[in-house]
Amino acid sequence: MARERDAAALWIPLIARYMEPRLDTLPPLQRRDADHFVLLWCRAQDSVRGQSQDHLREMARRLGADAHARRMFRSRSLRRRLVGTVALGHLQARDLAPSLQTEIASGPAVPSLVAAKALVRIDASIGVPCVLSIAAHREDWPLASVATMLKECASESVGPALSSAIRIAMSRGDDVGVERLLRLHIAADAHAMRVVVRDVLATSTNAEVLAAALAALSHAGDIAHARRLLGHPEWFLRVAAARELGRLGDESDVARLSTALCDSSWWVRYRAAQALSQLPDMDVAQLSEMAARLTDRYAADMLRQILAERCMR
Amino acid sequence: MNWHAVIDVAAWLFLAYFVTLGAGYLLLNACSLLELPRQLESRLPGLLPRPHSRYEPPVSVVMPAFNEEATIAAAVRSILQLEYPEFEVIVVNDGSRDGTLEALTREFSLVPFPEAYRRQMETQPVHAVYRSTSHPNIRVIDKDNGGKGDASNAGINAARYPLVCIVDADSVLERTSLRHVVLPLITEPHTIASGGCVRIVNGCEVHGGFLEKIGLPRKFLPLAQVAEYLRGFLFGRLGWVPMNAVPIISGAFGVFRKQALVAAGGYRSDTLGEDMELILRLHRLNRLAGRPYRIAFLVNPVCWTDGPESPGVLRGQRIRWQRGLGESLAHNRGLLFHRRGGAAGWLMFPFMVLFELLGPLVELSGYLFMAAGFAFGFISPAIFWSFMLLALSLGILLSISALFLEEISCHTYSRPGNLFVLICMAIVENFGYHQLVLLWRLQGFYRWATSAPAEWGAMTRSASLQKDR
């Protein structure tokens, strides 16, 4: 603990200074401090963007930390190996790409995710398609973590790779894969995804896949799919459809959303009422009038709740 | 067979029980040591990609409250400071007879709200739903008194989000607790519930619902509870994680997938141990139906709760807990040795019956039998002292090992003086305190066995908590 504290006291101020270009001499990196330094350096890399990352890379090379990170990468200790992997990802060690790909494909969850993050940083053009092909079927990879990883890349590079991965999964009839990949849409450019999302909505019959595709809808021109799915037998799909109608729909959706207000599912009624209140030009007076006209008590109660929510906003 | 032989056999049986008890807990310790590296590994700072906030499902935090006028506002403020992208707070005023509702109305500017209340589970009648005008994510449900389970169910009925976090109104959560405890539900699709460690807040500095400084209580009883809680959580629960047989997620702090909770029927309102009963029921229903599921327990999300400072209140609490344990096990006896019961039915359930439910009876009988036998000369000094040495050293060993687990995992009590005090406490509590708690638990066992009417008693909040929170 004391050694870790001492290393932090020495190196944290230096790392902070080297986020700017500097030429002054650095103290030698003692072997006993090297592990602590690499971890501190990785944290600093995670917290900065752009040129500061280049300056920190230069600092690590001057200190010989890149060689130490390689030793850590080959270590038998899992913790050292993980820190080494992250550091080499930041240092963009291209020669490691094949070993990282092997780790991604067959390693346990934590090391494989760390390897994936490193590979994406080293070379997004290899890393992103590799990560997507694995993420489609590795259930021990949380999509939340994969999305963070992909968000670090330019969304223009993720969109085509994601569309292509979805098409491959569709061609294999892999509904689970298609659904998982569609849920990564937030990391991609919406325009690049539009065609594939439309294709999934037009061809798939799987309710989970359709719900994921609805969530990825980005263009009002494709809203016909949401209108069609508002009458689907699966309640969660009707919920998703109602939500999208609130986001992308127009005044022509008032009648179908009013019908959905009488749905047997509380959630469909709730989302339909929310969607109605979000439609363009729908004001409080119109909503109140609609609530007063409704003969279904549950529908009227729900609309009154949404009205109250809207007034309190 | 003469009576000497009977006494000898009984003495050996008691010894054997204590040895089995010790072996059982030490095995749990070993399992905790297996699980800890896995949990610590996933905590390696900055190495794993952080979950993207868009994928952190919104959480409904449900806080049942009964006569919590003094602390309710601070408790809600403690929830509002949580680091989490999206959550709502649903306080359920369970027919309080004090000014709980008025305190909430005053503090959070509540107004009546025309909620389309969704009755997924039957509860006592709901009178009104209020919403805060200052904090749009706070709602208050005012209902008839029905107990904590009933109030929790009313909160779950009103919950809008897919994950429901149940917290006590006398608890303080660390800022990152919710983010940590939700992780298993994000990363493992089959996880239906997740709980974290509960610690004793007495001795800590809490201001306005914020935990500002961690410390140890000065009084003996809360200090002994600190050592007890470490034992209870760090291997009493963590040890069962690798087998997916966690027996309880504390009612003070746990997160559930709402769908699973509703499908199981929510909390029972006719038991004093509704939190344990629910977890055992989730095990029973899912195991017997052959559904894949997981109940997670993590060491790092910490919830701080008020420990009783007076013997009377502590006694009442332990009687209730033991009674709740008996009721929970009885309600879910179908899990015991069921062919689909797995580790929950074949290991955890018998363990809970043998060592937790019957433990006070057998242990206290053992102490009394040995002491009487030694006093009247029926039992040789060698057997008596062996028994006492075994019983006491086992208690000390288990407490010290819990401290060791705490040091390698959370290192919560970081001041060197604190560690010294806890080591002393781990030794001292085995001379009198442990036996006193056994006696109270035996009373709870008796009340359960004889179906005596249940009583909740009144919880007296520690002075520091009332003053500062």
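Angles under 35 degrees between two helix axes count as roughly parallel, over 145 as roughly antiparallel, 65 to 115 as roughly perpendicular and the rest as oblique. Keep that handy for the first exercise, and bear in mind that this is a predicted model.

**Exercise 1. Work out how H6(A) and H8(A) are oriented to each other.**

Start with the two stretches: H6 of chain A covers residues 97-106 and H8 of chain A covers residues 124-135. Next, take the geometry. Two packed helices are described by the angle between their axes and the distance between the axes. Here the axes come within 10 Å and cross at roughly 15°. Since the cut-off is 35 degrees, H6(A) and H8(A) are therefore roughly parallel to each other. As for the hand, the crossing of H6(A) and H8(A) is right-handed.

Now look at who sits at the contact. H6(A) brings Ala97(A), Gln101(A), Ile104(A) and Ala105(A), while H8(A) answers with Ile126(A), Cys130(A) and Ile134(A).

**Exercise 2. Put the overall figures of chain A and chain B next to the globule rule.**

Take chain A to begin with. For its 313 residues a compact globule would have a radius of gyration near 20 Å, but chain A has 26 Å. Its C-alpha atoms fill a box of roughly 80 × 45 × 30 Å along the principal axes. The secondary structure runs to 19 helices and 0 strands, and 43% of the residues in chain A are buried.

Then do chain B. With 469 residues, the rule gives a radius near 23 Å, and chain B has 23 Å, so the two agree. The box for its C-alpha atoms is roughly 75 × 50 × 50 Å. Chain B has 15 helices and 12 strands, and 49% of its residues count as buried.

Finish with the contacts that have a separation of 6 or more. Residues 24 or more positions apart account for 65% of them in chain A, and for 80% in chain B.

**Exercise 3. Trace the open sheet of chain B from edge to edge.**

Write down the order: the 10 strands run S3-S4-S5-S2-S1-S6-S11-S8-S12-S7, with mixed pairing. The ends of that order are the edge strands, S3 (110-112) and S7 (171-173) of chain B, each of which pairs on one side only. From one strand to the next, the twist averages 30°.

Now zoom in on one pair. Strands of a sheet pair through backbone hydrogen bonds, either parallel or antiparallel. S6 (residues 163-167) and S11 (residues 253-257) of chain B pair in the antiparallel sense, over 5 bridges. Within that pair, Ile166(B) faces Gly254(B) in S11(B).

Last, add a helix. H4 of chain B (residues 147-158) packs on the sheet and touches strands S1, S2, S4, S5 and S6 of chain B. The direction of H4(B) makes about 150° with that of S1(B).

**Exercise 4. Decide whether Phe349(B) is buried or exposed, and find its contacts.**

Locate the residue: Phe349(B) lies in helix H10 of chain B, residues 342-357. Then count. Phe349(B) has 25 other C-beta atoms within 10 Å, and the cut-off for a buried residue is 20 or more, so Phe349(B) is buried.

For the contacts, leave out residues up to four places away in sequence; Phe349(B) then touches Leu335(B), Leu336(B) and Ala344(B). Take Leu336(B) as a check on distance: Leu336(B) and Phe349(B) are 13 residues apart in sequence and 6.0 Å apart in space, C-alpha to C-alpha.

Key: Residues numbered from 1 in each chain as written. Chains lettered and ligands numbered in written order. Predicted model: local features only at pLDDT ≥ 70, side-chain atom pairs only at ≥ 80, totals over all residues. Helix = DSSP H or I, 4+ residues; strand = E, 2+ residues; numbered from the N terminus. Buried ≥ 20, exposed ≤ 12 C-beta atoms within 10 Å, placed from the backbone. Contact = placed C-beta atoms within 7 Å. Pairing = 2+ DSSP bridges. Axes fitted to C-alpha atoms, helices over the stretch in contact; angles between N-to-C directions. Rg over C-alpha atoms; globule rule 2.2 N^0.38 Å. Left-handed = near helix turned anticlockwise from the far one by under 90°.
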